[in-house]
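Look at the model below and find its helices before reading on. The text then goes from the inside to the surface.

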Amino acid sequence: MIAALAGATTPNVRMIAANPGDWGVDAFAGDLGGEITVWQSKYFFPVTKAAHKQSIRDSFASVMKAAAAQGHTVAIWVLCIPSSMDGPTAQWWDRWKPKQEKDHGVVIRLWDETALLRALHSPEGDHVRRVYYEPFTPAPTHEQLRLVLDMEDDQGTELDSALFIRQMTEAGHVALDAAKRQFFNADLVAREIAHKAVPAEVTALRSADATLHGLWEMQFNECCAENAIPAMHSRVWRDVLNQHPNLPKVLRLEVVHAWGLVHRLVDNRKAGWVKHWRQIAAAHADN
């Protein structure tokens, strides 16, 4: 990859095969009978630190020694590392580099994490990035969304006394079958997640609840200020519909489930559909 990236801006870049050694050269451009530019790769990861300094010194010394023995001159030496240096190592590099440049008459450059990313995202390096990375980017997976289940008649009847139904009735809603189905499906999801206790799913459900509660609260406050409480239910529905694609994917929720989670918030006495929803919730608890 380094050879390809170097070749994106420098013509005639070649590699040296180790047989048994590589003269301290991973990739080079130029003439081995004259001046060359050398790219030396060192896999220091996830951070380049003090323990790597000797390896850098040894690599530089090796390439300079081989150049003297083989009759070519190193004009530019490029150290390539996939990580960033920590503070002390960066300070050492900034002192070591100019001294070696002065002592050996060579230009020394650093292709570290930042420089490599910049090169890979440049127009010249675009084809290198695509060849080496994009084929290995997994295709996005679209997990099957949860099924939306129907209720038995007796299950719907049992929900007649639920708090979220009482809140909707108080707000003047007459048709309630869809709300019952939404609550039923969301409650199944919540119970399944609680039973399995998979940390990622538990956290995701908590996040979805917090998001949906925030949507309801924002509309409740605005509708109170505008004296538009009757419009709150439809406004929250619109917001839930818009927010649905952004809810945690691990939950695999249909819109029906998302709206049902709002009904669960109401049923858990955290929200309501009229201005005096807290009094209704308190009275329902007493009953």
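What follows describes two nonpolar cores, one helix and one surface patch in a predicted model.

Begin with the largest nonpolar core, which has 40 residues. Within this core, Phe164, Trp216, Val236, Val240 and Trp273 touch the most other members. At least two core residues come from each of α7 (163-170), α8 (177-196), α9 (199-226), α10 (232-243), α11 (255-267) and α12 (277-286). Helix α9 gives the largest share, eight residues. To see the packing around one residue, take Val236: leaving aside residues up to four places away in sequence, Val236 touches Trp216, Gln219, Trp259, Val262 and Trp273. There is also a second, separate core of 20 residues, and among them are Val25, Val38, Trp93 and Val106.

Now follow helix α8. Because a helix is expected to span 1.5 Å a residue, the 20 residues of α8 should cover 28 Å; the C-alpha atoms at its ends are 29 Å apart, which agrees. The buried residues of α8 include Phe183, Phe184, Val189 and Ile193, and also Lys180 and Asp187. Which helices do the buried residues of α8 pack against? They pack against α6 (153-158), α7, α9, α10 and α11. Just after α8, Ala197 takes a positive phi of about 55 degrees.

Last comes the surface. Val131, Tyr132 and Tyr133 form a nonpolar patch there, and together they have about 300 Å² of accessible area. Tyr132 is part of helix α5 (residues 126-132). Tyr132 counts as partly exposed because its relative accessible area is 37%, and partly exposed lies between the limits of 20% for buried and 50% for exposed.

Conventions: Residues are numbered from 1 along each chain as its sequence is written. This is a predicted model: local features need pLDDT of at least 70, side-chain atom pairs count only at pLDDT 80 or more; totals for chains, interfaces and linings use all residues. Side-chain values use heavy atoms; hydrogens and water are left out. Patches are made of residues with over 30% relative accessible area and no salt bridge: like charges are joined within 9 Å, nonpolar side chains (Val, Leu, Ile, Met, Phe, Trp, Tyr) within 5 Å. Accessible areas come from the Shrake-Rupley method with a 1.4 Å probe; for residues, only the protein chains shown count as cover. A salt bridge is a side-chain nitrogen of Lys or Arg within 4 Å of a carboxyl oxygen of Asp or Glu. Helices (H or I, at least four residues) and strands (E, at least two) are DSSP runs, numbered from the N terminus. Buried means under 20% relative accessible area, exposed over 50%, partly exposed in between (1.4 Å probe, protein chains only). A nonpolar core is a set of buried Ala, Val, Leu, Ile, Met, Phe, Trp, Tyr and Cys residues joined through side-chain atoms within 4.5 Å. Contact means heavy atoms within 4.5 Å. The expected span of a helix is 1.5 Å times one less than its number of residues.
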